[in-house]
Amino acid sequence: MRINDTKVGFYSYQNQSNRSNTNNTTKKTSTSVDVSISSRGREISQAMMSEQAQRQQRIQELKQQIADGTYKVDSSKIAEKMTAFWKNTSI
């Protein structure tokens, strides 16, 4: 097997390394931005954090029940959810 032009691969590699160098130089500039959150925004954020904490607590309870073997699956609720889903998605 004969390879005639080995420079083509070298040039593509060199171009690739040049592109990465130019990206690094443009990222060095920094700007400062002042952001203020409204009181309503803070209320929403706190409500979301509270909801997140409640969700985490429920997850821990479920994990403990599963680990203890006391978690019971309600098959009628699962069946209701499945039938509601298929009724809504059928054409």
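A residue counts as buried when its relative accessible area is under 20%, as exposed when that value is over 50%, and as partly exposed in between. Keep those cut-offs in mind, because they explain labels such as the one on Arg58, which is partly exposed at a relative accessible area of 43%. What you have in front of you is a predicted model, so let's start with how far to trust it.

Averaged over the chain, the pLDDT is 80, and 66% of the residues reach at least 70. That confidence isn't spread evenly. Helix α1, residues 7-26, has the lowest mean, 58, while helix α2, residues 39-68, has the highest, 93. Where pLDDT is low, the predicted coordinates shouldn't be read in detail. Let's go easy on α1, then, and turn to the overall layout.

The fold is quick to list: the chain has three helices and zero strands. Starting at the N terminus, you'd read the elements off as α-α-α. How much of the chain is buried? Buried residues make up 0% of its 91 residues. The chain's accessible surface comes to about 9,400 Å², and carbon and sulfur atoms own 53% of that.

Now follow helix α2 from end to end. How far apart should its end C-alpha atoms be? With 30 residues at 1.5 Å a residue, α2 should span 44 Å, and its end C-alpha atoms are indeed 44 Å apart, so the expected and modelled values agree. Just after α2 comes Gly69, which takes a positive phi of about 85°.

What holds hands along this helix? By the distance rule used here, the count comes to two salt bridges. One of them joins the side chains of Glu43 and Arg40, with N to O at 3.3 Å. These two residues are three apart in helix α2, so about one helical turn separates them. How open are the partners? Glu43 is partly exposed, with a relative accessible area of 46%, whereas Arg40 counts as exposed at 54%. The cut-off of 50% falls between those two values, which is why the partners get separate labels.

The other salt bridge links Glu61 with Arg58, and here the closest N and O atoms are 3.7 Å apart. Once again, both residues lie in helix α2, three residues apart, or about one turn of the helix. Glu61 counts as partly exposed at 35% relative accessibility, and Arg58 is partly exposed too, at 43%. Both values sit between 20% and 50%, so both residues get that label. From Glu61 you can also look beyond the helix: Tyr71 is 10 residues away along the chain, and the C-alpha atoms of the two are separated by 9.7 Å.

Tyr71 takes us to another feature, a nonpolar patch on the surface. Which residues form this patch? They are Ile66, Tyr71, Val73, Ile78, Met82, Phe85 and Trp86, and together they have about 770 Å² of accessible area. Helix α3, residues 75-89, supplies the largest share, four residues. Ile66, on the other hand, lies in helix α2. At 58% relative accessibility, Ile66 counts as exposed because it is over the 50% cut-off.

Two members of the patch deserve a second look. The structure holds one aromatic pair. Phe85 and Trp86 form this pair, with 5.1 Å from centre to centre and 80° between the planes, which makes it edge-to-face. Why that name? An angle over 60 degrees counts as edge-to-face, and 80° passes that cut-off. As for accessibility, Phe85 is partly exposed at 46%, while Trp86 counts as exposed at 55%.

So, to retrace the route: you've seen a chain with three helices, two salt bridges, and a nonpolar patch on the surface to which α3 gives the largest share. When you go back to the 3D view, remember that confidence is highest in α2 and lowest in α1.

Terms used:
Residues are numbered from 1 along each chain as its sequence is written. Side-chain values use heavy atoms; hydrogens and water are left out. pLDDT is the predictor's confidence in each residue, from 0 to 100. A salt bridge is a side-chain nitrogen of Lys or Arg within 4 Å of a carboxyl oxygen of Asp or Glu. Buried means under 20% relative accessible area, exposed over 50%, partly exposed in between (1.4 Å probe, protein chains only). Rings of Phe, Tyr and Trp (its six-membered ring) pair if their centres lie within 6.5 Å; planes under 30 degrees apart count as stacked, over 60 as edge-to-face and the rest as tilted. Accessible areas come from the Shrake-Rupley method with a 1.4 Å probe; for residues, only the protein chains shown count as cover. Patches are made of residues with over 30% relative accessible area and no salt bridge: like charges are joined within 9 Å, nonpolar side chains (Val, Leu, Ile, Met, Phe, Trp, Tyr) within 5 Å. The expected span of a helix is 1.5 Å times one less than its number of residues.
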